[in-house]
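Here are my notes on this structure, set out as numbered points for reading beside the coordinates. They start from one helix and work outwards to the chain as a whole.

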Amino acid sequence: MLRSAASPPQPELELKYLLPASGAAFVRRWLEGVVRRERAYPPALVVTTYFDTPELELLDEKINSDHLKTKVRVRWYSPLDGGPPTGPAFVECKFREGATREKRRLTAQAQPAQLAAVPLSAPEWGGLLTELRAAIPGLPPDLAPVLRLAYARHRYVDARGARISLDGGIVVQAVNPARLHAPARPDALPYAVFEYKGQGLDVPAHVAPVTRLGARRAAFSKYLACYQHVTRDTF
């Protein structure tokens, strides 16, 4: 008797929606009535530094809507009450092909408090990518920080095991003047981001009402949005 080969696991899809920042609190209260909080990951401030080449080639992949996109970043998490970071910093490379994605994450050889105190133009940042380069050959050789952003993230999980996040209060904390000739801005971006990470090509019925609460589907990049926020460049 022949056995059929096991089907390969379906790739996880990442669906993004934008909504006005003023509506984020209402959407969060609604979410808590239809899905449950992800207990392993309490609400947190996500602090992320994006790396790019001098010509901002990785940013161009998003601007040009390339099918293949790469992001390189350093990230850490802090409590929303302003307390110290709750864990290590991570070095990440995120590949995206169409709607599917793959991420490689390594623990950084520096603590978040140390990194927060170092200017983005400092050479120490380049050394953080050494292990990532060994794991992922072919990364551009001249990557350096461009900007650091932060936002509040609330995480949820539904009955299907899909992960949901709501990100708001997105601000640019710092820029690297050697990569970006514009100062950071203290004002937050005017929208929040709703993400659904699961197997379907669309959000299921139990969270679909988010579109009636002001959210709209968008191919969104926080890196690109923050770049446009500080440069006022709308292409």
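**Notes on the predicted model**

1. Helix α6 is mostly covered, in that eight of its 10 residues are buried. The buried residues of α6 are Lys222, Tyr223, Leu224, Ala225, Cys226, Tyr227, His229 and Val230, and what covers them includes β3, α2, β7 (144-157), β8 (163-175) and β9. Please bear in mind throughout that this is a predicted model, and that every value below is computed from it.

2. Lysine 222 deserves a separate look, since a charged side chain is involved. Lysine 222 lies in helix α6 and, at 6% relative accessibility, counts as buried. Its charged end sits over the ring of tyrosine 151, 4.6 Å from the ring centre. Leaving aside neighbours within four places in sequence, lysine 222 is in contact with Tyr50, Leu149, Tyr151, Arg153, Asp167, Ile170, Val193 and Glu195, a list that includes the acidic residues Asp167 and Glu195.

3. Which aromatic rings pair up in this model? A search of the whole structure finds five aromatic pairs. In one of them, the rings of tyrosine 50 and tyrosine 223 have their centres 4.9 Å apart and their planes at 5°, and because planes under 30 degrees apart count as stacked, this pair is a stacked one. The pair links distant parts of the chain, with tyrosine 50 in strand β3 (residues 44-52) and tyrosine 223 in helix α6 (residues 222-231), 173 residues apart. Tyrosine 50 and tyrosine 223 are both buried.

4. Another pair has a contrasting geometry: the rings of tyrosine 191 and phenylalanine 220 have their centres 5.6 Å apart and their planes at 90°, so the pair is edge-to-face. Tyrosine 191 lies in strand β9 (residues 191-198), while phenylalanine 220 lies in the loop between β10 (216-217) and α6, so the pair ties together parts that are 29 residues apart in sequence. Tyrosine 191 is partly exposed, with a relative accessible area of 23%, whereas phenylalanine 220, at 10% relative accessibility, counts as buried.

5. A charge is also placed over a ring elsewhere in the chain, where the charged end of arginine 105 sits over the ring of phenylalanine 90, 4.2 Å from the centre of that ring. Phenylalanine 90 falls in strand β5 (residues 90-97), which brings in the strand pairing taken up next.

6. How is strand β4 placed between its neighbours, and is it enclosed or open? On one side of the pairing, β3 and β4 run in the antiparallel sense over seven bridges, with valine 47 standing opposite tryptophan 76 in β4. In addition, β4 and strand β5 pair in the antiparallel sense over eight bridges, and the bridge partner of valine 74 in β5 is valine 91. Of the 11 residues of strand β4 (residues 68-78), 10 are buried, so this strand is largely enclosed by the rest of the structure.

7. Two backbone positions should be checked by eye. Leucine 56 has a positive phi of about 55° although it is not a glycine; this leucine is found in the loop between β3 and α2 (57-63) and is buried, with a relative accessible area of 9%. Arginine 232 likewise has a positive phi, of about 60°, although it is not a glycine. Arginine 232 lies in the segment after α6 and is exposed, with a relative accessible area of 59%.

8. Finally, the chain as a whole. Its secondary structure comes to six helices and 10 strands. The radius of gyration is 18 Å, close to the 18 Å that the globule rule gives for 235 residues, so the chain is as compact as a globular protein of that length. Along its principal axes the C-alpha trace spans about 55 × 55 × 40 Å. Of the 235 residues, 49% count as buried, and the chain exposes about 12,200 Å², of which carbon and sulfur atoms supply 54%. Among contacts between residues at least 6 apart in sequence, 70% join residues at least 24 apart; the stacked pair of tyrosine 50 and tyrosine 223, 173 residues apart, also links distant parts of the chain.

How values were computed. Residues are numbered from 1 along each chain as its sequence is written. This is a predicted model: local features need pLDDT of at least 70, side-chain atom pairs count only at pLDDT 80 or more; totals for chains, interfaces and linings use all residues. Side-chain values use heavy atoms; hydrogens and water are left out. Rings of Phe, Tyr and Trp (its six-membered ring) pair if their centres lie within 6.5 Å; planes under 30 degrees apart count as stacked, over 60 as edge-to-face and the rest as tilted. Helices (H or I, at least four residues) and strands (E, at least two) are DSSP runs, numbered from the N terminus. Buried means under 20% relative accessible area, exposed over 50%, partly exposed in between (1.4 Å probe, protein chains only). A charge sits over a ring if NZ of Lys or CZ of Arg is within 6 Å of the ring centre and within 35 degrees of the ring normal. Contact means heavy atoms within 4.5 Å. Two strands pair if DSSP finds at least two bridges between them. The radius of gyration is taken over C-alpha atoms; the globule rule is 2.2 Å times the number of residues to the power 0.38. Accessible areas come from the Shrake-Rupley method with a 1.4 Å probe; for residues, only the protein chains shown count as cover.
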